[in-house]
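Grab a coffee and work through a few exercises on a protein chain. Try each task yourself before you read the solution.

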Amino acid sequence: MYNNFSISVSDDDSDDLIGRMRVRVRRRRRRLGFRAKNETFRQIRRIGQKWWSVLLFLSVMALILFQLPRTGVKPTEERKADLDVGSELTNLSVAGGTEKPSNLNRLDQVTRVVSGVREPCLKLLPAEELRHLEFPPIVAPDSPIRRIIYKGDFDETRIGGSGNALQEYTDGTRFNKFTGNQTFIERQESFKVSETAAVHCGFYSENGGFRISEEDKHFMRTCEAVVSTCAFGGGDDLYQPIGMVEESLSKVCYVAFWDEITKSAQEAQGKRIGADRMIGKWRIVVVRDLPFTDQRLNGKIPKLLSHRLFPQARYSIWVDSKSQLRRDPMGVLEALLWRTNSVFAISEHGARSDVYNEGNAIVRKHKATPEEVEIQLTQYRRDGFPDDKRYRGKRALAEASIIVREHTPSTNLFTCLWFNEVVRFTSRDQLSFPYVLRQLGVLKINMFPVCTRKDLVNSMGHKRKVKPLTG
């Protein structure tokens, strides 16, 4: 017989048993989950140890690509040229870290590495020395050119034709009542160095345009040194110069040339000329009757003919309207002219080294027509101008957004010849600069590195499309 045997389990015992079983299951799951996570972590660590250098490289490249649209750096041959490949310059940076989205009012120093040592691109005197810096004594120019006579000031019969200053000649050039009609033979003769040079140099007659008020002319005759800029056609804003010591304000004039279009555009933004004709540090000179339909060509007048606009000035610093000067002008004169025993200072080009490659780039970027560039470069080839990439140990091509010069007979003649070339051929002055420099051959020039130009100014870029004139 089988005995009936039974175990009674109460509801409380049953619940306790089930609870203990659930706890064991959860603990097991946690142990399994921990082992799985731990294994995943080990795999990630092994991959990181094996491929860390590749991951670091990709991270750096991603950061650079992210910064490109903000800083304007181009990963092209132009950028490599900016680093002055082939010289001692091996690295270029801005002290203080990543560049800010806006360049306005930045004073941080641009540096470079030369022979393993980091140094500033522009070595200015200390502020205390800048405060006491004075113009050097006037001495006779050490140049075979001693005197310049400007053609056309007394002979209007050579102009011919009728109409206003905007009239352009049928020979394909843009000579007019402002420039005088330089013949091709006169062009060839103008490059011959002599003690007294006779040359066309704008301001041909009173009817030639580029009119300035007598009050402005009087002010401009008081300037011993001048920083100048211009904005014609309303294309750019006005940027106040920064970085100078207080004492230099009494030694240097700041003059901005505007036309009526720019005046109206700036007034619409709240920048109005005061009763003293000033906006901040700038004396605003409003020019009337601009002589060329091409506003870029009108801009070459204050850029290249500062010695004619400021007849008493000994020194001038030209700054393109897209840039903000951020260094003391007296210090700039000392560093780039007086210290180097030069009379003219300009930046090497940041992208190309010879005029023929630059001509191709200008056409490719639609900055001039193929026909006008071909006419100019064909003439230079006929004149035997070489395609050398170096001149006197420097890059043969210049970038002319900043020009620092002493007003001597040699620099005055040089810029007159340069101006005549941009009138005769194209307004892209970088094409004619190396040609005139070689043809004249007597200029004591300081062609400074690209990084020095970047330290001199904050580059803002053009703001609006320039409005052309109509004749």
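Below are four exercises, each with a worked solution.

A word on ground rules. This is a predicted model, so local features need pLDDT of at least 70 and side-chain atom pairs count only at pLDDT 80 or more, while totals for chains, interfaces and linings use all residues. Residues are numbered from 1 along each chain as its sequence is written, and side-chain values use heavy atoms, with hydrogens and water left out.

**Exercise 1. Get the overall picture**

Task: Work out how many helices and strands the protein chain has, and what share of its residues is buried.

Solution:
- Step one, count the elements: there are 14 helices and 17 strands. Helices here are DSSP runs of H or I with at least four residues, strands are runs of E with at least two, and both are numbered from the N terminus.
- Step two, check burial: 47% of the 471 residues count as buried. Buried means under 20% relative accessible area, exposed over 50%, and partly exposed in between (1.4 Å probe, protein chains only).
- Step three, look at contacts, meaning heavy atoms within 4.5 Å. Take those between residues at least 6 apart in sequence, and 82% of them join residues at least 24 apart.

**Exercise 2. Find the cores**

Task: Say which residues of the largest nonpolar core touch the most other members, and which helix gives the largest share of that core.

Solution:
- Step one, the rule: a nonpolar core is a set of buried Ala, Val, Leu, Ile, Met, Phe, Trp, Tyr and Cys residues joined through side-chain atoms within 4.5 Å.
- Step two, the top members: in the largest core, with 65 residues, they are Phe 257, Phe 344, Ile 346, Trp 418 and Phe 433.
- Step three, the helix: helix 12 (residues 409–424) supplies eight residues, the largest share of this core.
- Step four, look elsewhere: another core of 34 residues lies apart from it, and Leu 130, Ala 231, Val 245 and Val 404 are among them.

**Exercise 3. Pair up the cysteines**

Task: List the disulfides, and give the pattern they follow along the chain.

Solution:
- Step one, the count: pairs of cysteine sulfur atoms within 2.5 Å qualify as disulfides, and there are three.
- Step two, Cys 121 with Cys 451: the sulfur atoms sit 2.4 Å apart. Cys 121 is in the loop between strand 3 (117–120) and helix 3 (127–131), and Cys 451 is in helix 14 (residues 450–456), 330 residues apart.
- Step three, Cys 201 with Cys 416: here the sulfur atoms are 2.0 Å apart. Cys 201 lies in the loop between strand 5 (196–199) and helix 5 (214–220) and Cys 416 in helix 12, so this link ties together parts that are 215 residues apart in sequence. Both Cys 201 and Cys 416 are buried.
- Step four, Cys 223 with Cys 253: S to S is 2.2 Å. Cys 223 sits in the loop between helix 5 and strand 6 (225–231), and Cys 253 in strand 7 (residues 253–258), 30 residues apart.
- Step five, the pattern: counting bonded cysteines along the chain gives 1-6, 2-5, 3-4.

**Exercise 4. Walk along helix 10**

Task: Find what caps the N-terminal end of helix 10, and what its buried residues pack against.

Solution:
- Step one, the cap: Asp 354 does the job, with a side-chain oxygen 3.0 Å from the backbone nitrogen of Tyr 356.
- Step two, the buried residues: in helix 10 (residues 355–364) they include Val 355, Tyr 356 and Glu 358.
- Step three, the neighbors: the buried residues of helix 10 pack against helix 11 (370–382) and helix 13 (429–440).
- Step four, past the end: His 366, just after helix 10, takes a positive phi of about 60 degrees.

Key:
A polar contact is a pair of N or O atoms within 3.5 Å; within protein, one must be able to donate a hydrogen and the other to accept it, and residues adjacent in sequence count only if both atoms are side-chain atoms.
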